[in-house]
Amino acid sequence: MTIVEVHWREDAACRSADPEELFAEAARQKRAKSVCAGCPVRTECLAEALDNRIEFGVWGGMTERERRALLRRRPDVASWRTVLESARDTAMPEAS
C-alpha cells in the first residue's frame, strides 16, 4: 500500500463506520451511499474500487452493481484514478 492510499483512507468519511453498513444489500445500500455524499476522498475511494475490481460494498458512492455496469461500459480504461481525478479537476478548477 502506498502513502497516497493510506492518506486517503485516513480522510474517508466512513473510517469509523460499521463495516456492516458499508457492505449492505438492497435498501440499506442507499444509507451506505449517503455516507459517501460529502466525503473529501470519494474520488480516490471509487478509483481504488474500480482499478482493483473490488466486488463488494459501497465505494466512492457506488454499489457493486453500479461499478460493474461502469466497467462494462468503459472496458478500455486502464487507470480509473487518472480518469476520475481528471474529471474532478476539470469540474472544480483551483482558484487563481
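R9 is partly exposed in this predicted model, because its relative accessible area is 31%, a value that falls between the 20% limit for buried and the 50% limit for exposed. The side chain of R9 meets that of E48 in a salt bridge, with 3.0 Å from N to O. R9 belongs to helix α1 (residues 3-11) and E48 to helix α4, so the bridge ties together parts that lie 39 residues apart in sequence. E48 counts as buried because its relative accessibility is 9%. The bridge therefore pairs a partly exposed arginine with a buried glutamate.

Side chains of opposite charge can pair when their charged atoms come close. The structure holds eight salt bridges. A second one joins the side chains of E44 and R88, at 3.1 Å from N to O. This pair also links distant parts of the chain, since E44 is in helix α4 and R88 is in helix α6, 44 residues apart. E44 is classed as buried because its relative accessible area is 14%, under the 20% cut-off. R88, at 27% relative accessibility, counts as partly exposed.

The surroundings of E44 can be described further. Leaving aside residues up to four places away in sequence, E44 touches W8, R81, E85 and R88. R88 is thus both a contact of E44 and its salt-bridge partner.

A third salt bridge is formed by the side chains of D76 and R74, with 3.7 Å from N to O. Salt bridges that share partners also join R9, E48, R81 and E85 into one network. Two members of that network, R81 and E85, are among the residues that E44 touches. Back at the third bridge, D76 is exposed because its relative accessibility is 58%, over the 50% limit. R74 is partly exposed, at 37% relative accessibility.

The helix that holds E44 and E48 deserves a closer look. Helix α4 is mostly covered, with eight of its ten residues buried. These buried residues are T43, E44, C45, L46, A47, E48, A49 and L50. The list includes the two glutamates already met as salt-bridge partners, E48 and E44. Just after α4, R53 takes a positive phi of about 50°.

L50, one of the buried residues of α4, also serves as a reference point for a residue further along the chain. V77 sits in the loop between α5 and α6. Although V77 is in a loop, it is buried, because its relative accessible area is 9%. The C-alpha atoms of V77 and L50 are separated by 9.8 Å, while the two residues are 27 positions apart along the chain.

Helix α5 comes next, and it has both buried and exposed residues. Its buried residues are E64, R67, A69, L70 and L71. They pack against three other helices, namely α3 (28-36), α4 (42-51) and α6 (80-91). R65 is in the same helix, which covers residues 64-73, but R65 counts as exposed because its relative accessibility is 64%. R65 contributes to a positive surface patch together with R68, R72 and R73. Residues in such a patch must have over 30% relative accessible area and no salt bridge. That condition separates the patch arginines from arginines such as R9, which is held in a salt bridge with E48.

The chain as a whole gives the setting for these details. It has six helices and zero strands, and reads α-α-α-α-α-α along the sequence. Of its 96 residues, 34% are buried. Among the contacts in the chain with a separation of 6 or more, 51% involve residues 24 or more positions apart. The pairs R9 and E48, 39 residues apart, and E44 and R88, 44 residues apart, lie beyond that separation. The chain exposes about 6700 Å², and carbon and sulfur atoms supply 54% of this area.

Note on methods. Residues are numbered from 1 along each chain as its sequence is written. This is a predicted model: local features need pLDDT of at least 70, side-chain atom pairs count only at pLDDT 80 or more; totals for chains, interfaces and linings use all residues. Side-chain values use heavy atoms; hydrogens and water are left out. Patches are made of residues with over 30% relative accessible area and no salt bridge: like charges are joined within 9 Å, nonpolar side chains (Val, Leu, Ile, Met, Phe, Trp, Tyr) within 5 Å. Accessible areas come from the Shrake-Rupley method with a 1.4 Å probe; for residues, only the protein chains shown count as cover. A salt bridge is a side-chain nitrogen of Lys or Arg within 4 Å of a carboxyl oxygen of Asp or Glu. Lys and Arg count as positive and Asp and Glu as negative; His and the chain ends are not counted. The place of a charge is taken as NZ of Lys, CZ of Arg, CG of Asp or CD of Glu. Helices (H or I, at least four residues) and strands (E, at least two) are DSSP runs, numbered from the N terminus. Buried means under 20% relative accessible area, exposed over 50%, partly exposed in between (1.4 Å probe, protein chains only). Contact means heavy atoms within 4.5 Å.
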